[in-house]
Structure formats: structure tokens, C-alpha cells
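Here is a brief report on one protein chain. Look at the overall fold before turning to the details.

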Amino acid sequence: MNVTVFGTGYVGLVQAAVLAEAGHHVFCIDIDEGKIEGLKQGQVPIYEPGLTPLVERNLSTNTLHFSTDAKTGVDHGEIIFIAVGTPPDEDGSADLRHVLTVARTIAEYMAEPKIVINKSTVPVGTADKVRETIKGELDKRGAGDLAFSVVSNPEFLKEGSAVADCMRPDRIIIGTDSKDAEEALRQLYAPFNRNHEKIMAMDVRSAELAKYAANCMLATKISFMNEMAEIADRVGADIEQVRQGIGSDPRIGYQFIYAGIGYGGSCFPKDVKALITTAGKLGLAPGILTSVEERNQRQKHYLLHKIAAHFGDDLSGKTFALWGLAFKPNTDDMREAPSRVLMEQLWARGARVQAFDPQAMEECQRIYGVRDDLQLCGTKESALAGADALIIATEWQQFKAIDVKAVTGGLKQPVIFDGRNLYDPKQLARAGIQYYCVGRPSRAAAK
């Protein structure tokens with residue numbers, strides 16, 4: 001099938017590359033000329049495992065194209081995805097300007113029936129707005145008889161495993177009241193629906209809400225466990241043992257119940273805020289969602305309280321090694337990352353940071369520029385050199401097996417503040433390391 005994707009951000013680029021890999025002919029349209037020129041050369045602007053070879057391979061077979069020419073994109077696609085950003089507005093609601101701009105562009109150039117798919121995460125009722133926008137522009141052109149459908153087809157990708165999620169989806173939600181549109185999308189997604197039935201067809205508004213409900217449920221599980229971790233701190237329990245105890249219950253399961261220093265990224269924070277705003281506009285008081293958001297903001301300050309308890313409030317003259325900048329492993333994304341809150345708090349108290357991350361160093365440089373109190377280090381070991389303590393903010397695989405000699409040899413004093421509970425407190429205590437983590441009893445280093 002001929003497919004066009006407006007937007008070459010995280011969602012649009014992954015979806016386009018995977019559809020091309022399945023044999024569809026895909027055009028990607030973006031207004032950023034520099035990004036498009038880079039993509040034409042196979043230069044992928046984000047880090048996502050498996051994405052670059054997918055783009056390169058489908059460029060070479062001419063199943064994937066990149067352009068800034070919107071008319072070419074509209075002419076090409078019988079199915080057109082809208083996959084542009086929906087950043088939070090000042091009140092926390094999703095900003096639909098980019099989505100509606102694409103809708104107007106589609107209406108400006110379409111000369112035959114089209115199926116328009118909202119792939120961006122958008123509030124309930126957005127499909128109606130897209131439909132009204134397209135119809136209004138067509139009427140202005142005197143082309144009001146042109147048929148089109150607007151479908152909600154939310155994405156459920158996880159950064160760090162987005163290509164795999166897209167190629168082997170858990171479910172494919174299609175929100176439409178058009179049998180023809182539903183059948184077209186069934187054909188589009190047939191290569192991904194062979195193992196067992198994954199397509200769930202429903203009305204548009206239910207599909208729109210399903211995306212927000214999924215992300216808010218996952219964010220709720222994270223915030224719940226972080227609240228349990230604070231209680232564990234106070235009563236002397238071990239949140240890791242609690243996690244195993246409750247995760248064994250099949251009604252709860254083990255996913256998304258790890259205590260830590262809060263969630264970040266482009267989805268959970270934005271989507272929780274957006275649904276809170278939507279509920280408020282409907283006259284509802286979303287107490288659970290509000291608590292999830294508040295808990296997450298508090299959790300990002302968790303390690304600083306431990307650091308201040310150990311070193312004092314004034315951290316002038318102190319240097320901290322920081323392992324992890326991205327909000328999660330296998331991405332270079334630092335949007336809403338707990339590491340950012342932590343670094344900024346340390347700087348405000350006079351400390352320096354020596355940071356290492358396997359993928360997010362360039363992103364950190366872009367965000368913060370050159371500063372005297374930030375040193376980006378080439379290896380995790382070099383970040384330790386002369387630091388007063390080690391802080392772990394992201395659970396990258398290469399951090400999980402600790403080299404005790406490297407840590408104790410590099411640090412001025414053997415102290416670790418672990419925001420991801422990577423290590424065994426008893427083991428580190430025996431190694432002479434003072435170890436602070438999340439919701440687990442701190443153990444004094446062996447003398």
C-alpha cells in the first residue's frame with residue numbers, strides 16, 4: 001500500500017521504517033529541511049536500537065522516502081498518518097496546533113479519497129477536530145464532495161524497544177466508524193497480525209482514551225511503588241522484597257513495579273498532565289492522576305534528601321560522579337529525566353557533576369552547554385575520578401555489574417547513592433561501601 005507519514009519524530013520515523021520493512025511504499029514528510037537531508041543519507045537523529053539499519057535498508061530498496069514536499073506526500077498516500085508532536089500547553093493540555101496544521105495541509109492538496117490516521121497521542125475528541133478541519137478546507141476549495149475518513153490508531157511504543165514493539169505489537173487499536181477504513185487498516189497491518197488476532201476495532205473516542213488510560217495506568221503503578229518505597233524507608237522494610245512478594249500475585253505481575261527516582265520521557269509526564277487537564281475541563285476531580293503526578297515530582301528529589309543527610313545541605317566544593325543521563329536505558333532522550341532535576345539541584349547547592357551516559361552525552365551538551373560545574377566523561381570509570389560519591393540515575397545494563405575496586409579506587413570516599421536499586425546492600429557493605437538506595441535499609445560499610 002502507498003503510505004505517507006507526516007512527522008519524522010520518534011513515533012513517525014519508527015512507524016514509517018517498520019511499514020516500509022513490511023513491503024509498503026512509504027513517504028515521510030517533515031518541514032525540517034536539515035533533518036530530511038540527513039535522513040536521505042541514512043542519518044537517524046535519535047538513538048533507538050535497530051532503527052538505523054532499518055532506515056538504511058529501506059532507503060536502498062526505495063520503499064522508504066523522505067521529503068519536505070507536502071503535496072508529494074498527500075498525492076502518494078492512500079493512507080496518511082499524522083505523527084507530529086503534541087507538546088503540553090501552558091495548562092498541561094496537549095497542543096494540537098501541529099496536528100491541525102497537517103490536517104489543513106492534507107485538505108489543501110488532496111484530490112482523491114484519503115484515510116487520515118491520528119497516530120499522535122491526542123485528547124478525546126481530536127478526530128472530530130481533524131475531520132472538521134479537513135472538511136472546512138475542502139469546502140473552501142469547492143471540493144466538499146471528496147470522501148475521507150479520520151481514524152484513531154494510537155501507538156504503544158516503548159523507547160528503547162520501539163522497533164520490536166512496532167514489528168511485534170501486543171495489540172493494534174483501530175478507532176473508526178467506517179467499515180472501509182477498518183478494512184484498509186486491517187490490510188495495512190496484516191503483516192503484523194499473522195501469529196494471532198491483535199486488531200481491536202472500536203469507536204474513535206474509545207481508541208483515543210485507551211492510549212491515555214494505558215500510559216496513566218503504567219505511571220500509576222510506578223508512583224504507587226515509589227510511595228511504598230517511602231513507607232518502607234520509614235518502617236525498615238525492603239521494597240525489593242515487597243516487590244517480589246506482590247509481583248508473584250498474577251493479578252499484579254512484575255512489570256512496572258520497580259521503585260526508583262521517578263518516571264520521565266516524552267509520554268508519561270505529558271499524558272498524565274493532559275488527562276488531568278481534560279478531566280478538569282469536564283468538571284471532574286481526577287484525584288488518582290493528580291496524586292500520581294505529585295508523587296512523581298517528589299520522587300525526583302528523593303536522592304537529594306539522602307545526599308544532604310550524608311554531606312549536609314551545603315555541597316560547595318563537592319564533586320559527584322553521575323552514571324546515567326537518559327530518562328531510561330536504550331535511549332538518548334532526556335526529556336523530564338530525573339537526572340536533570342538531580343543535577344540542577346546539586347548545582348544550586350554548589351556541587352560539581354562528572355557525568356557519563358552511553359548515549360545521552362550529546363543531548364546533555366545540547367541542553368546545558370558548556371559549564372564549569374559539569375564535566376561529561378568518556379567512560380563510567382573516568383567519571384569516578386576524584387568524586388566524593390557516585391550517583392546512579394539510569395539503569396543501563398553496563399552499570400549492573402559493579403567493579404568494586406574501580407569504584408573504591410576512583411572515589412575519594414566509598415559512597416553510592418543508587419536511584420535504581422541495582423546492587424545488593426549486604427554485598428556493598430561487606431566491600432566497605434556506604435550504600436544508599438530507594439526503599440531499602442541502608443547498611444553501614446564494614447570496618
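The report covers the whole chain, then one helix, the nonpolar cores and a single histidine.

**Whole chain**

This is a predicted model. The chain holds 18 helices and 14 strands. A compact globule of 447 residues would have a radius of gyration near 22 Å, so the 24 Å of this chain agrees with that expectation. The C-alpha trace spans about 80 × 45 × 45 Å along its principal axes. Further totals are in the table.

| Property of the chain | Value |
|---|---|
| Residues that count as buried | 55% of 447 residues |
| Contacts between residues 24 or more positions apart | 71% of the contacts with a separation of 6 or more |
| Exposed area | about 19,600 Å² |
| Share of exposed area from carbon and sulfur atoms | 50% |
| Distance between mean positions of positive and negative charges | 6 Å |

The charges behind that last row number 51 positive and 58 negative.

**Helix α14**

Helix α14 runs over residues 338-348. Which of its residues are buried? They are P338, S339, L342, M343, Q345, L346 and W347. An α-helix has 3.6 residues a turn, so residues three or four places apart point the same way.

The buried residues of α14 pack against six named elements, set out here by type. The helices are α13 (302-311) and α15 (361-368). The strands are β9 (319-323), β10 (352-356), β11 (374-376) and β12 (389-392). After α14 comes G350, with a positive phi near 95 degrees.

**Nonpolar cores**

In soluble globular proteins, nonpolar side chains tend to be buried together. Here the largest nonpolar core has 60 residues. M343 and L346 have the most contacts inside this core. Helix α13 supplies the largest share of this core, five residues. Both M343 and L346 are among the buried residues of α14.

What does L346 touch, leaving aside residues up to four places away in sequence? Its partners are L304, I307, L315, F320, A351, V353 and I391.

Another core, of 42 residues, lies apart from the largest one. Among its members are F81, C166, I174 and A184.

**H76**

H76 is found in helix α4, which covers residues 70-76. Residues up to four places away in sequence aside, H76 touches N2, V3, T4, H25, V26 and F27. How far apart are the C-alpha atoms of H76 and T176? They are separated by 22 Å, with the two positions 100 residues apart along the chain.

Methods
Residues are numbered from 1 along each chain as its sequence is written. This is a predicted model: local features need pLDDT of at least 70, side-chain atom pairs count only at pLDDT 80 or more; totals for chains, interfaces and linings use all residues. Side-chain values use heavy atoms; hydrogens and water are left out. Helices (H or I, at least four residues) and strands (E, at least two) are DSSP runs, numbered from the N terminus. The radius of gyration is taken over C-alpha atoms; the globule rule is 2.2 Å times the number of residues to the power 0.38. Buried means under 20% relative accessible area, exposed over 50%, partly exposed in between (1.4 Å probe, protein chains only). Contact means heavy atoms within 4.5 Å. Accessible areas come from the Shrake-Rupley method with a 1.4 Å probe; for residues, only the protein chains shown count as cover. Lys and Arg count as positive and Asp and Glu as negative; His and the chain ends are not counted. The place of a charge is taken as NZ of Lys, CZ of Arg, CG of Asp or CD of Glu. A nonpolar core is a set of buried Ala, Val, Leu, Ile, Met, Phe, Trp, Tyr and Cys residues joined through side-chain atoms within 4.5 Å.
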